[in-house]
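Here's a quick walk through one model, looking at how a helix packs and where the rings sit. Have the viewer open as you read.

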Amino acid sequence: FSYNKNLDQQRAHLELLKHGDPNGKYWVPAMADAPLRGYNGRHEWFWEPGDENAVYPLENLVNMYYNSVGRNATLILGLTPDPRGLIPEGDVQRLKEFGDKISELVAHPIQSISGTGNSIELKLDKPQPVNQIILQEDITKGERIRDYHVEGLTPHGWKTLCHGESVGHKRIQTFSPVTVGKIRFVINKQVDIPQIINFSVYNIDQ
């Protein structure tokens, strides 16, 4: 009996680690960690000679970013010093490319706004294509959003562009380009008044 009880507790703990508890007492960000040299079936946390082809391509690293940081988690990339005690030049170059690409994708929104309440609307200077949004809550007040959607005003009326269940520190979503004159963040369910510190809209080169 005690064995089964312990097993059930372990399973419950594992489930909590996987999904968290939206109504828990503490805000604890998820951690996503991966070695930079984890490509081609390798998973190298420590330097080995001849592992240069295990450095993740830029495309894979960008996908990692969107699926971790862009989903309210932290991304921790493991780096491997070589026998000199330095990060290999190829790894450094890939990290530089990675940083430059993320800056290109998220640093220059068409427009941004902040606000409180169940709906925040952003009017663009002119109708134009959009294909990415970034949302951020003031997490010092907790994660309050439980369900939302983002819609854009097209010549044929409002069209849903994306939806989700949580925002937290940062949520990044991409979608097929849609030409809109206005874009609206609508919160369908919350546990308190939402505090949005960033609602940004982009047209990125996907």
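A charge counts as sitting over a ring if NZ of Lys or CZ of Arg is within 6 Å of the ring centre and within 35 degrees of the ring normal. Keep in mind that this is a predicted model. In it, arginine 184 places its charged end over the ring of tryptophan 158, at 3.7 Å from the ring's centre.

Now for the ring-on-ring contacts. Searching the whole structure turns up 5 aromatic pairs. Two of them are set out here:

| Pair | Centre to centre | Angle between planes | Kind |
|---|---|---|---|
| Tyrosine 39 and tyrosine 56 | 6.0 Å | 55 degrees | tilted |
| Tyrosine 148 and phenylalanine 185 | 5.4 Å | 75 degrees | edge-to-face |

Take the tilted pair to begin with. Tyrosine 39 and tyrosine 56 both lie in the loop between β1 (30-35) and α2, so their pairing ties together parts that are 17 residues apart in sequence. Tyrosine 39 has 31% relative accessibility and counts as partly exposed, while tyrosine 56, at 15%, counts as buried.

The edge-to-face pair joins two strands. Tyrosine 148 belongs to β5 (residues 145-154) and phenylalanine 185 to β7, so this contact ties together parts that are 37 residues apart in sequence. Both tyrosine 148 and phenylalanine 185 are buried.

There's a ring cluster too: ring pairs link Tyr65, Tyr66 and Phe98. Phe98 also turns up among the buried residues of helix α3, alongside Asp91, Ile102, Leu105 and Val106. These buried residues sit on the same side of α3, because the arc they cover around the axis is only 75 degrees. As background, an α-helix has 3.6 residues a turn, so residues three or four places apart point the same way.

What do the buried residues of α3 pack against? Their partners are α2 (58-68) and the strands β2 (73-78), β4 (119-137), β7 (171-190) and β8 (195-202). As for the helix's length, α3 (residues 89-106) has 18 residues, which at 1.5 Å a residue should span 26 Å; its end C-alpha atoms are 26 Å apart, so the two agree.

One last stop is threonine 80, in the loop between β2 and α3. Is threonine 80 buried or exposed? Its relative accessible area is 2%, and under 20% means buried, so threonine 80 is buried. Leaving out residues up to four places away in sequence, threonine 80 touches Arg37, Glu44, Trp45, Phe46, Trp47, Leu86, Ile87, Pro88 and Asp91. Of these, Asp91 is one of the buried residues of α3.

How values were computed:
Residues numbered from 1 in each chain as written. Predicted model: local features only at pLDDT ≥ 70, side-chain atom pairs only at ≥ 80, totals over all residues. Heavy atoms only, no water. Helix = DSSP H or I, 4+ residues; strand = E, 2+ residues; numbered from the N terminus. Expected span 1.5 Å × (residues − 1). Buried < 20%, exposed > 50% of the residue type's maximum accessible area, 1.4 Å probe, protein only. Arc of directions from axis to C-beta. Contact = heavy atoms within 4.5 Å. Phe/Tyr/Trp six-rings, centres within 6.5 Å; stacked < 30°, edge-to-face > 60°.
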